[in-house]
Amino acid sequence: MSLDQRLEASTLEQRTMAKVSWRLLPLIVVIYFVAYIDRTNVGFAALGMNRELGFTSYIYGWGAGIFFLGYFLFEVPSNIALTKFGARKWIARIMISWGIVAAAMAFTAGPVSFLVLRFLLGVAEAGFFPGVILYLTFWFPTKYRARVIATLFLAVPGSNAVTAVLSGALLKLDGTFGIAGWKWLFVLEALPAIALAFVVIAVMTDSPAVARWLKSEEREWLESELGKEQRAIESSQGTKSLMQTLSDRRVLVLSLIYMTIVTATYGITFFLPLIVKGMGNLTDLETGLVTAVPYVIGTIGMVLWSFSSDRRRERRWHFIIACIVAAIGLIAAGRLGNSFWAIAAMSVATIGLYGSKPAFWPLPSEFLSGTAAAAGIALVNAVGNLGGFAGPYVVGWLKDASGTYESGLYFLAACAVASGVIAFFAVHRPASSTVVRSPA
């Protein structure tokens, strides 16, 4: 290929990927942002809800975590349904469902309704995140995926930071029209999910083949690149059934790795507002502002981590080191106790916790394709998110048993270390050397 041809090909690639990125990524980040708010805002609602309804840390931890049991049970079926009905319609359906249930959280009247509604919220949202991860593989060649996933994950610490500030402000509506502030929080923060579902229908496109907003040469280049990658993946191993994919050792190992790091992540997410509140005589708004600090720092760290991973084309050590950083921050936070120095330690922890995600999520798509990718990615996320149940449950139990959050933070640090150790022994080489694919 001549120099002119290489320059022309490079220009075509840059123009195509810029169009795809600007068309899809802002919307995907926003809807994941909203999803994460509705999933985790219970941490701020708890500042008033727990007091009004008499919830102990144990009951609250159960309710915060039971979301992930509903999520686990319906994750794989939901992601397979996405491949049948199309990403655009299915993601919009998920958003409307979770928006309705998230608003219904305002009707929580006691432990039973709290547990039921949190479980149903997990059922409603099941399939959203793995569906988005799968959808990104329809549009972005492998070399773009770590930075694209990092862009998606900006919604996680970003939403935590915004939730902290916004929820602190909404709690000040307490008593307006005779309605408690935590109820206002649930209702008002649920509305964007329903509204954005209609934007998804209008803007998202199921695949490059039907993307009329791309020029023909752009569409042909993108389909060619993705097709070459898929053929390379599928040529390295024979066909496996859905059940063989779900029982594949690599899928199960990735599920275990993800579960341990998610346990550490959600153990912080659901209890950080309560930990900060216990540090001093802070108002709800001040609690929100202080809670936002670790998430802002974690966002910056995650972006830098993802660019390093992509630039070096390396995932394993980036993930392992991120786990170590997270553990160091969590241990330091436990040692520092109820002091504002603990916020600095939590900031270190969030750099590791969120930096681990962009290094982790390119791994499944390197050896999964087609329906196998839908099922395998969903299983990794479903099993992994059981950690979202374990983290809040164990931290709540340890808090009630010991009277402090110190032992809970040490438990979360141990989970982060375990995730890194499993990755060290189980992930030895690029997963693309072997492949799982679904029947044609």
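In which hand, left or right, does helix 2 pass helix 9 in their crossing? Helix 2 passes helix 9 in a left-handed crossing. Keep in mind as you explore that this is a predicted model. Below you will find the main nonpolar core, one buried glutamate and three pairs of packed helices, with residues to look up in the structure above.

**The nonpolar core**

- The largest nonpolar core is made of 135 residues, and I91, W98 and W361 have the most contacts inside it.
- Helix 1, which covers residues 3–40, gives the most to this core, with 13 residues.
- Try finding W361: beyond its neighbours within four places in sequence, W361 is in contact with F129, I133, I149, F153, Y258, I377, V380 and N381.

**A buried glutamate**

- E125 sits in helix 5, which spans residues 111–125.
- With a relative accessible area of 1%, E125 counts as buried, because buried means under 20%.
- Leaving out residues up to four places away in sequence, E125 touches A35, R39, F67, Y71, I94 and W98.
- W98 may look familiar, as W98 is also among the residues with the most contacts inside the largest nonpolar core.

**Helix 2 with helix 9**

- Helix 2 (residues 42–53) and helix 9 (residues 181–203) pack at an angle of about 145°, and their axes are 8 Å apart.
- Helix 2 brings V42, F44, A45, G48, M49, E52 and L53 to the contact, while helix 9 brings W182, L185 and F186.
- Sorted by class, the residues of this contact are eight nonpolar, one polar and one charged.

**Helix 15 with helix 20**

- Helix 15 (residues 316–336) packs against helix 20 (residues 406–426) at an angle of about 165°, with the axes 8 Å apart.
- Helix 15 is therefore roughly antiparallel to helix 20, since angles over 145 degrees count that way.
- The crossing of these two helices is left-handed.
- Residues in the contact include W317, F319 and I320 of helix 15 and L409, Y410 and L412 of helix 20.
- The contact as a whole divides into 17 nonpolar, three polar and three charged residues.

**Helix 12 with helix 19**

- The axes of helix 12 (residues 249–269) and helix 19 (residues 387–402) come within 7 Å and cross at roughly 45°.
- That angle makes helix 12 oblique to helix 19.
- Their crossing is right-handed.
- On helix 12 the contact uses M259, V262, T263, Y266 and G267, and on helix 19 it uses G387, G388, A390, G391, P392 and V395.
- This contact has six nonpolar, five polar and no charged residues.

Methods:
Residues numbered from 1 in each chain as written. Predicted model: local features only at pLDDT ≥ 70, side-chain atom pairs only at ≥ 80, totals over all residues. Heavy atoms only, no water. Core = buried A, V, L, I, M, F, W, Y, C linked by side-chain atoms within 4.5 Å. Buried < 20%, exposed > 50% of the residue type's maximum accessible area, 1.4 Å probe, protein only. Helix = DSSP H or I, 4+ residues; strand = E, 2+ residues; numbered from the N terminus. Contact = heavy atoms within 4.5 Å. Axes fitted to C-alpha atoms, helices over the stretch in contact; angles between N-to-C directions. Left-handed = near helix turned anticlockwise from the far one by under 90°. Nonpolar A, V, L, I, M, F, W, Y, C, P; charged D, E, K, R; others polar. Parallel < 35°, antiparallel > 145°, perpendicular 65-115°, else oblique.
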